[in-house]
Every structure is written in structure tokens, then in C-alpha cells.
Amino acid sequence: MSTALLTATALAPVSVLADSPGAVSSIPQVSTSIENAAPSFRNVSVHDPSVIKVDDTFYIFGSHLQVAKSKDLMNWDSVASGVTDANPVVPNVTKEFAEALQWAQTDTLWAADVIQLADGKFYMYYNACKGDSPRSALGVAVADNIEGPYKDQGILLKSGMWDQISEDGTIYDATIHPNVVDPDVFFDKNGKLWMVYGSYSGGIFILEMDETTGKPLPNQGYGKKLTGGNHSRIEAPYMLYSPETDYYYLYLSYGGLGADGGYNIRVARSKTPDGPFLDAEGNDMINVKADKDKPLFDDRSIEPFGVKLLGNFLFQRQIGDPGTGQGIGYVSPGHNSAYYDAETGKQFLIFHSRFPGRGEEHEVSVHEMHMNSEGWPVVSPYRYAALEEETAPLITQNIAGQYNWVNHGKEITAEIISSQTVQFTADGQISGAVTGTWTLGADNQVQITSNNVVYNGVFTHEWEPDSQKTVLTFSALSSSGVAIWGSQMTALKDQDIVNAVKKDLNIGDTGIVFFNLSLPTKGTRDAEITWKSSNTSALSATGVVNRPRAGKGDAKVALTATIRKGSAVSSKTFNVTIPQQAVSPLLGEYTFDQKKLAKIVQDFSKNEYHGQAFNVATSAVNSKNQAAAFNGTDSYIQLPGIITDTTDFTFSAWVNWSGGGAWQRIFDFGNGLTRHMFLTPAQHTGSLQFTIHDQGQDQSLIAAEPLPSNQWVHVAVTLQGDTGTLYVNGKAVASSTEITFNPKDLQVTEAYLGKSRYTADPFYKGSMDNVRVYDKALTLAEIKRQAKEKP
């Protein structure tokens, strides 16, 4: 295979930008921003990416038979995805890998790894795992072409055979024997073939392989253990040799792969591929395992060990900073592979990651790595962007300035570590959130000392996506294996900072404000924001909302922010409307009899909470009455925050449901994906269901049957205290005294009829009429009376 690689990130010449009065430091800062054309990226989702380069193309193979390729490590194209017989990489995969799938009692595959052997063929090491136990099978398949088709060559290893003889001739014990997944097959510096593998359970193991057959040499059992055990959360081993240091680097992922699992990437090293592997403090990784006397997946016993390269972090975007959103960061980055380019000497880390605020969505990221003065890899803070190669060394004036600083720590945690602001001065001092000193060495190496801890690393230039500029960064490691990152901020005058904060400052939709406002007090570069209200009885200067009583009318408030940085000052005013409290008990009544239903849904209650209709038609129920008809494709009605003050609650309506897919919505009221309540005519088991959801917990009322279809049916939900009741045609079909959540807690901002807040759920198909919402629980007699008033 060719080892040619496209031009990679390197240091570039700098241009001088003199400081001026009002800037962030009295010591001149030299801009290290470099002119580069904006790079392009095309992202791909491949979980557990394992890299191989064939000619001029990089391929990554991952779980669920996902494959992608790229010529530049930046723009990826999907090749295949899904364990289906239509997957071109392994056609008829359910038959080809039937033995492994049947053994593992699963219908999918986990992390694959591909290597090319001397015969020119490509060997895919695949594995299947049951998931809730280490019952797994690991096999090999062979193809003439990297993209397949691969043909099975049989199972190499099995695990999870409870109380039976295992591969090493002893009774299988998951605390000491491996889970045979996550393989990485590699050649050592002498051309000998090895396979490292394992996840949780008994730990990480290595086997000597036959380089002609691609299978393990005989009589090794599970091979030699390298680290882990007692179900410690260590997995995804990947081995990379560095000719620069003559070490083998064993990359590992600690923690759980989900967004709340605290996944993080670590490394240990050895002079030989089968160990012993040591971390930066000299700890032998063979001794790293969970405490068998503690609960399963004991993280505290393993987190002090191994060099932690990166975990959850966020270069937090402050008000006034370039870009949008929270900033740049990762959640649960892990299951990496790595690539060394023999021609350029450059190294790359390839991994999947989730992201702050994006749930379980994941994408592949590629970062360049550099060796520090102690022979440990440090990871560049931003993704690889193929910047132009330059050779000019840095000088101390280049480095002076403010930085976003991240300390990755050693913890295995779901917490996202946010950046802090520090100041580097040209005379080698560090101040701000962190204090210490720094010195610049040869080849742009840096040594940072803080709290008597020494970090060794390197300065590089990286592409910062929010500012769309090249910025100076550093990445360094302590002697205990803790990584720190820094990203230099552009030098700004105080007035420029104030202007940027003013332009960016936003408190959301102020047209109708039902809930307390979160008023920021800090902007970028520690700019101060203070607030003043023209009507403190309705809206305080700290954002507390006090709605006028019903009949008093809406309150109009001028809310003014004053922004200060040094002697620079400016202000920005927001006009806020605080609506009066609703007239009780009928909050909203929608009979759909108005002629303009295509646009406006009129509320016939005293509150006039008019809604907006999207693709909803008027349907005649009889000569005197109209209903709203939903097409099941894109029809819905959006109401204002109708239940903002409601603790007790009733929703009642006449519906004529046309049937169809599960999880349609009669109504869905809430705030994002964390707080909401809904009524569906049929959920996944076919039952009518009401659910109120708050911060990850559901409380539900589930009927024994679905809502009757293709006929007019009266349906109602009531909440009173902790009691919830679901009615159909005036009869209770489900009830619970454990509905402790109430609508007011949801702080409703999206109130839909006919639409789910989850995009995967189908739209409601059918008609609705006489929709009523109350801030009290109607009695059984009242529900029965409404159920007799057919539309």
C-alpha cells in the first residue's frame, strides 16, 4: 500500500498586529492568525472507525458493517451500512456470518478491522456480541478488493460460554477471560503479525498471528493479557508503532460509549507489542482492573491509570465570540484507530464522537498527533484541516495573548469540561483561571508549569471553525498523564469586545414571555452585563416573571442590558410582553368553525389563545358543524403556551382517527425533548397512551386497547394532584395515583395538535373537533356530559 499522504497541518509564518489602548494586555500580542482558504468537511457516521489506507484512499470500517472512504481524511463518503443481505461489502451477510450471529444471539455486528496481508488480499476481522453479556464470536473474512465482497473463513474465538470449557481449556469466567470483540490486527516493526482485542470482562488480550493465513498461531488460548479485568470499562484496543520513539502505543477507550457514559481515549506504551505496557507514571497496565468487591463496572479503580488524551470537553463560546451555538467540543469521544505516515512522519487519531447538546448523534473525527519531549502523543485540539505546510518557528511574542484552556483531567465522567480563560505573557507568565509559567523550546515544543505540575507539549496552528480562521493552539501532557489544550483568542480592543457582545446578545422571543428569563451577566473576555427593567412588578432585573392577574391586561416592559469592558460601555434594550394570567377554568376552546382555518385556529374561550394551522383542511361533520382534518403527512396545529400556569389539567376532544402507524399524536405539549406530555391513539403495542415526561422520566396512563378508528370518539385526560385518568367515550380506561409531574413544570413552549416533537413519529391522520383545555380536572360527570355532545 502507498503511504503517500496529503499535506498536513504545520506551523506557519506570523504577522505582527500592534496592540493599542484598551486591548486585553499591556504586553503586545502578535497575531498568529494565518491566511488559509476555508477547508471543506463532509461528515460521516461510522461507529468505532478502524482505518486502512489503500493506494490514495483511506477506508474506515466500523460497527453494523458501516464502511466509509476519503482521500483527504476530511471529506468522507459512505460505502456501506447495515447488517443486511443487501450490504455490498458482505453480500448475504446473515448467511455468510450466520455462525457468529447465531452464537452471539444478535442480528448485528460490532467493530470490524481490516488489514492487507502478503498475498495482497484483505482480511476483515469481524465480531458479533450479544451485548448484555460477553457472549461473542470473532471471525475473519477475506476479499480480493478492499470494498469486498468478503467471504467468511470461519470463527477464530468465542466467549461467554457460561460454566463451559473456554478457549484456554478452563471454565469460562467473565472476570478473567476476555469478551472476544474489538479486534485490531497489525504488523510489528519486524513484520510479525499480532491481534489485540477485548472489551470490559476479563480485559485486553493479544495473540500472535500467522501472517500467511491471518489466523492465530495454535495453542495460545485467548493469548496474553495486557490490561483490565473484573468487568472494568476498558475496551477498543488499537496498536500503533512509532519509529520516532521506538515504542508501541496501545490506545484504549475507558468508560461507556453513550452520551452519558464518559467515554475517553487513553494510551500506554511498551518497547514490545506484547508488553509490559506502562503509563506516564510508570504504572504497569497489567495491574489495572476493577475492584471485584465493588459493584459492576467500577470506574474509580481504573481512572487514575493510563494517559488520558481527551474526553468530554467544550471550547465554550461566550456571548460576543464568533460563530453560533455553545462552541466546539466532544462528548464521549472514543473507540479510535490511528495512522502513521512513513513518508511524512505524521500521525493521526481517528475516532467517533458525540457532541454537546446533540444526544446520541455521532460522527467521525480525525485529529493530528505530535510527540512531546517525553515521547508521548499529544492530540491537536481541533480536527485535521490539511493546512498549508510552513516551517517558520514561533517566537515568544507570537504566543502572548488570551487562550481558552481545557484540562481533560483523569476522571471517567459524563460531565463536560468547559474551557476557562487564561493569559500568556511574552515574559513566560500565565494568569487568569490558571496561574503558572511557560517556556518555548526547540521545534515549537512548550513546557507549562502550573500548581507544581509540569506539562510537555507542542504549539501548532489549527483551523478554528467558529471564527473560520487558523489559530495558535497548544496540546500538552503532564507526567501523570493529564492532557491540557489551549486555543488562542484574537486580540481585541475593549470597545470591540463591547460591540461584539451587544451584537450577539439575545434573550429569545420576547413577544410573549410566560417564564422567568435567564439573563446573562458575562460576555466574551469577561465583559460585564447588567440589567434594568422599566416595570419590576412584572419583570425583575434578574429575569423573574410575575404575570398580571386576569383582567389587568398584558404588561409591557423595556428590559435594558448595559455592557461594560474597561472604560468601554454600550446598552441594548429588549421590548418584552408579559401576558396576563389566563381566565379560568377554560383555557382554550377550538371548534374549528371559522372560515379561515387554513391559517388561524380561533380560540373561543375568553383567553383568545389563537393557534396557527399548517396544511389542515376544514371537514364538514354535518350541515351545522365543521371539524379540522389532518392528512397524516404534514398537517398540524400549533397553539401558544396554553398551559403555562396549570397544575391540574384536562384535555378533551372529539376525534375521528383514521388509523395508521404507532406514536401519532392527538396532542403534544412541551419544551424540547426533556419536558413534555402527549396523547397518542396507539403506541408500539397498539394501546392508547398518555405520557408526561420530565428530565428523562416517564409517567404514563396506558389503556388496554388502541383508540377506536374510523368513527367519532370522545377522548379525555385529567390530572388532579397525583391522580391521572384517561377516558374514552365517558368511561375511564386507565388511571394512576403516581402521576407526580404537572403541566406547569413543563414550561411549555411548543403546543401541537396532530404533531409529535419527535421527527421520527408519524403525523396524526384523521379529524378533530371541540378541543378543550382546562386548568382543572373535570369530574366524571362533566366528562360524561361532554361525551354525549357529539359533534
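I looked up the hairpin of E27 and E28 (strands E, at least two residues, are DSSP runs numbered from the N terminus): two residues lie between the strands, and Asn 451 takes a positive phi near 50°. This is a predicted model, in which local features need pLDDT of at least 70, side-chain atom pairs count only at pLDDT 80 or more, and totals for chains, interfaces and linings use all residues. Residues are numbered from 1 along each chain as its sequence is written, and side-chain values use heavy atoms, with hydrogens and water left out.

I then checked the pairing (two strands pair if DSSP finds at least two bridges between them). E27 and strand E28 (residues 453-464) are antiparallel over six bridges, and Val 446 has Gly 457 in E28 as its bridge partner.

On the other hairpin, I found strand E26 (residues 436-440) joined to strand E27 (residues 445-450) by four bridges, again antiparallel. Leu 440 is bridged to Val 446 in E27. Four residues separate E26 and E27, and Asp 443 in that turn has a positive phi of about 55°.

Next I turned to an open sheet of four strands, ordered E9-E10-E11-E12 with antiparallel pairing. Strand E9 (184-187) and strand E12 (224-227) are at the edges with a single partner strand each, so one side of each has no neighbour in the sheet. The twist averages 30° from one strand to the next (axes are lines fitted to C-alpha atoms, and angles run from 0 to 180 degrees between N-to-C directions). I noted three bridges between strand E11 (residues 204-208) and E12, with Phe 205 opposite Lys 225 in E12.
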